[in-house]
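Got a minute to poke around inside this protein? Let's go through its holes, rings and greasy parts, one question at a time.

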Amino acid sequence: MSNSPIGIFDSGVGGTSIWKEIHRLLPNENTIYLADSLNAPYGPKGAEQIKALAKKNTELLLNNNCKLIVVACNTATTNAIDYLRATYSVPFIGIEPAIKPAALQTQTNAIGILATKGTLTSALFSNTAARFAAHIKIVEQVGEGIVELIENGQLHSQAMKTLLLKFLDPMLKEHIDYLVLGCTHYPYLVPLLTELLPSHVKIIDSGAAVARQTKNILSDLRLLNTLNATPQLHFFSNRSTKVLQTLLNSNTCTIAPLKF
């Protein structure tokens with residue numbers, strides 16, 4: 001099992017931001033990534049539909065002998081991770097907005113959370129916020145339209161810049177000094193956000209923490225791949241693979257369409 005792949009799925013291409021952190025920390029690991037772009041975004045969907053999509057993705061990865069599954073989607077994590085853990089014996093790692101480090105480090109006692117509706121309205125998000133940020137102001141913003149623009153190859157478009165300015169304005173009026181990215185698509189916005197935000201506002205996401213947790217779990221279970229062979233890095237999308245190819249920009253990755 002130690003040579004089996006790590007499975008990763010997301011509602012599209014955004015979870016590749018998580019994959020990059022995992023691959024950076026665990027370069028020997030084989031990986032299989034599923035981009036469920038046909039059903040993106042998950043954010044506006046109901047909990048039962050999100051569970052059904054998460055189940056479909058999980059079973060495809062398990063059929064490919066994955067030893068651990070990373071739910072590289074905040075919305076799928078907040079709505080389906082408990083169900084997945086109760087249903088399957090493989091270890092799961094989920095994604096939560098990095099509320100805790102932002103809440104601990106804020107100097108203005110105000111942080112912004114940019115996330116999907118599915119994440120912001122979930123019980124897991126509410127519990128996390130209550131646990132770590134009850135003493136500060138959280139300015140929530142649903143990033144409606146961001147995922148669609150990224151999935152359609154418009155990451156650097158004027159439409160994206162206009163949308164972000166609209167979302168950032170109410171946060172800045174509340175004097176936030178941390179912006180928490182609550183969707184795995186959003187780290188690809190960091191260059192643009194850095195351009196649009198005042199220099200004192202720090203941007204934070206969960207990617208590095210997820211990679212560390214992945215390594216810790218594999219180590220604890222003695223499932224780390226100890227072979228020095230070139231890893232197999234497979235990416236599949238049930239829509240066009242063009243955006244995946246642009247974001248990965250790597251000759252070492254195998255990218256292919258797949259119906260699922």
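**Inside the model**

Q: Which residues line the largest cavity?
A: Keep in mind that this is a predicted model. About 60 Å³ of space lies in this largest cavity. Its lining is made up of Ser17, Ile18, Asn74, Ile95, Leu181, Gly182, Cys183, Thr184, Pro187, Asp205, Ser206 and Gly207.

Q: Which elements give two or more residues to the lining of the largest cavity?
A: By class, that lining has five nonpolar, six polar and one charged residues. As for elements giving two or more residues, they are α1 and β7 (178-182).

Q: What is the volume of the second largest cavity?
A: Searching the whole structure turns up two cavities of 30 Å³ or more. The second largest is lined by Ser11, Pro41, Tyr42, Gly43, Cys73, Asn74, Thr75, Thr116, Val147 and Cys183. Its lining divides into five nonpolar, five polar and no charged residues. The volume of this second largest cavity is about 50 Å³.

Q: Which residues lie nearest the centre of the largest pocket?
A: The largest pocket holds about 410 Å³ of space. By class, its lining has 13 nonpolar, five polar and five charged residues. Of the 23 lining residues, those nearest the centre are Gly94, Ile95, Glu96, Pro97 and Ser206.

Q: Where does the largest share of the lining of the largest pocket come from?
A: At least two lining residues each come from α3 (74-87), β4 (92-93), α4 (99-105), α6 (123-132) and α10 (207-220). The largest share is four residues, and it comes from α3.

Q: And which residues are closest to the centre of the second largest pocket?
A: About 330 Å³ of space lies in the second largest pocket. The lining of this pocket counts 17 residues, and the closest to the centre are Ile150, Gly153, Val243, Thr246 and Leu247.

Q: Which element gives the largest share of the lining of the second largest pocket?
A: By class, this lining has eight nonpolar, six polar and three charged residues. Two helices, α7 (146-151) and α11 (242-248), each supply at least two lining residues. The largest share, four residues, is from α11.

Q: Which helix gives the most to the largest nonpolar core?
A: This core has 51 residues, and those with the most contacts inside it are Val70, Ile146, Leu164, Leu179 and Leu189. The helix that gives the most, with six residues, is α8 (residues 158-173).

Q: Which residues does Val70 touch, leaving out those up to four places away in sequence?
A: Val70 is among the residues with the most contacts inside the largest nonpolar core. Leaving out sequence neighbours up to four places away, Val70 touches Ile6, Gly7, Ile8, Phe9, Ile18, Ile22, Ile93, Ile95, Val210 and Thr214.

Q: How many residues does the second, separate core have?
A: Among the members of this second core are Ile50, Cys66, Cys73 and Ala80. The core is separate, and its residue count is 21.

Q: How many aromatic pairs are there, counting rings with centres within 6.5 Å?
A: A ring pair counts here if the centres lie within 6.5 Å. By that rule, the count is three.

Q: Stacked, tilted or edge-to-face: what is the pair of Trp19 and Phe235?
A: The ring centres of Trp19 and Phe235 are 4.9 Å apart, with the planes at 80°. An angle over 60 degrees counts as edge-to-face. So this pair is edge-to-face.

Q: How many residues apart in sequence are the parts that Trp19 and Phe235 tie together?
A: Both Trp19 and Phe235 are buried, and they form one aromatic cluster with Tyr33. Trp19 is in helix α1 (residues 16-25) and Phe235 in strand β9 (residues 233-237), so the pair ties together parts whose separation in sequence is 216 residues.

Q: Stacked, tilted or edge-to-face: what about Tyr88 and Phe92?
A: Tyr88 and Phe92 are both buried. Their ring centres lie 6.3 Å apart and their planes are at 50°, so the pair is tilted.

Q: Is Lys45 buried, partly exposed or exposed?
A: Lys45 sits in the loop between β2 (31-35) and α2 (47-63). Beyond four places in sequence, Lys45 touches Asn39, Ile50 and Leu53. With a relative accessible area of 22%, Lys45 is partly exposed.

Technical notes
Residues are numbered from 1 along each chain as its sequence is written. This is a predicted model: local features need pLDDT of at least 70, side-chain atom pairs count only at pLDDT 80 or more; totals for chains, interfaces and linings use all residues. Side-chain values use heavy atoms; hydrogens and water are left out. Rings of Phe, Tyr and Trp (its six-membered ring) pair if their centres lie within 6.5 Å; planes under 30 degrees apart count as stacked, over 60 as edge-to-face and the rest as tilted. Buried means under 20% relative accessible area, exposed over 50%, partly exposed in between (1.4 Å probe, protein chains only). Contact means heavy atoms within 4.5 Å. On a 1 Å grid over the protein atoms alone, a cavity is a set of points where a 1.4 Å probe fits but cannot get out, and a pocket is an open set with protein on both sides within 12 Å along at least five of seven lines; lining residues have an atom within 4 Å of a point. Grid points are joined across faces, edges and corners, and a volume is the space filled by probe spheres set on the points. Ala, Val, Leu, Ile, Met, Phe, Trp, Tyr, Cys and Pro count as nonpolar, Asp, Glu, Lys and Arg as charged, and the others, Gly among them, as polar. A nonpolar core is a set of buried Ala, Val, Leu, Ile, Met, Phe, Trp, Tyr and Cys residues joined through side-chain atoms within 4.5 Å.
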